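Q: Could you walk me through reading a few features of this model?

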Amino acid sequence: MDEACDFPKWDELIPDALGLIFKNLSLVELLTVVPRVCKSWGKAVSGPYCWQEIDIVEWSRTHEREVVERLLQLLVSRSCGSLRKLSVSGVASDQSIFFIVNHARSLKTLQLPGSHMNNSVMEMAAAKLSCLTFLDLSYCVNIGAQALEAVGKHCKYLTTLRRVMHPLEVIDKLSQDDEGLAIAATMPKLKHLEIAYLLVETSSVVKIIENCKELELLDIRGCWQVKLDEKLVKRFPNLKIVGPLVVDFYDMNGWDNCSDNSSSSGYLPWDFADDVDDEYNEMMENDFWEDELPVEDIGMWFYYDVNDADIGYDWPQSP
């Protein structure tokens with residue numbers, strides 16, 4: 001018994017160690033359960049140790065924008081400038097974008113699918129995100145070549161870009177070749193590029209292939225106007241090109257894994273106690289963790305969780 005007492009207690013672990021352990025917990029547990037265990041655990045989750053990587057992309061798709069942005073600001077603030085990865089869907093306000101870039105300039109990975117910023121906002125944001133290596137601007141309908149050019153100009157270490165569109169989002173556009181040309185002209189270090197359903201033609205894709213000489217994966221599924229010459233492709237033996245053919249996911253056994261959105265965030269309804277951290281009381285009173293998604297809000301985010309075996313390629317994951 002005496003020997004057992006020689007081991008350090010859980011509440012005596014340094015915050016860095018606690019942070020590494022707590023990273024394996026769910027968002028709900030981090031914000032509502034851990035702070036009530038003891039003072040040292042509450043201090044750990046209130047500091048930057050648990051928030052160097054923030055991934056609320058699935059949760060954010062099933063909650064009101066105002067609630068998402070309140071939580072986003074809370075968590076980014078807690079990171080105290082140490083944030084390295086941020087994944088959130090549907091950011092609606094310019095203020096939230098500026099808040100992110102002003103408090104997380106060391107970001108390596110930024111995923112903002114379905115967000116509503118425009119070209120001018122993205123230009124200003126890109127100037128402060130020079131450390132980015134991974135960027136996801138899929139389904140962002142309000143940006144175009146101007147924003148991508150700014151990203152390429154300022155984010156010199158960028159190796160992965162996701163710029164995937166839903167077919168219905170580009171139905172009123174004549175062409176997005178200017179986006180393809182912007183990528184070709186400003187992002188020579190790209191290794192993974194996903195531009196599925198972008199309205200590009202063969203010439204702009206050829207420019208990308210010729211200028212981005214480090215490319216390992218180019219996804220052009222749904223880019224129906226692209227017809228690449230076999231001789232050109234053979235000049236780049238290290239490049240895997242997927243598309244423009246689109247696999248019929250309904251015929252796959254793994255259909256459930258092909259959707260990257262779900263009608264459930266994966267969190268269970270929570271019975272909160274009265275003594276939960278005051279910082280969250282107002283959120284909880286307004287059903288902050290309610291997980292039911294109204295039928296009219298369900299969207300098909302069908303792109304980038306395709307089974308590896310179905311296309312024979314090991315897909316890049318966000319760092």
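**Strands, helices, cysteines**

A: Let's start with one bridge: E194 has D219 of β7 as its bridge partner. Keep in mind that this is a predicted model, where local features need pLDDT of at least 70, side-chain atom pairs count only at pLDDT 80 or more, and totals for chains, interfaces and linings use all residues. Residues are numbered from 1 along each chain as its sequence is written, and side-chain values use heavy atoms, leaving out hydrogens and water.

Q: How do strands β6 and β7 pair, parallel or antiparallel?
A: In general, strands of a sheet pair through backbone hydrogen bonds, in either sense. Here β6 (residues 192-194) and β7 (residues 217-219) are parallel, with three bridges; pairing takes at least two DSSP bridges, and strands are DSSP E runs of at least two residues, helices H or I runs of at least four, numbered from the N terminus.

Q: What is the strand order in the open sheet?
A: Eight strands run β1-β2-β3-β4-β5-β6-β7-β8, paired in parallel. At the edges, β1 (53-55) and β8 (240-242) each pair on one side only.

Q: At what angle do α6 and α7 pack?
A: About 10°, with axes 10 Å apart, so α6 is roughly parallel to α7 (angles under 35 degrees count as such). Contact means heavy atoms within 4.5 Å: D94, I97, F98 and V101 of α6 meet V121, M124 and A125 of α7.

Q: How many disulfides come out by the rule?
A: Zero; a disulfide needs two cysteine sulfurs within 2.5 Å. For C131, the nearest cysteine sulfur is that of C155, 9.1 Å away.

Note on methods:
Axes fitted to C-alpha atoms, helices over the stretch in contact; angles between N-to-C directions. Parallel < 35°, antiparallel > 145°, perpendicular 65-115°, else oblique.
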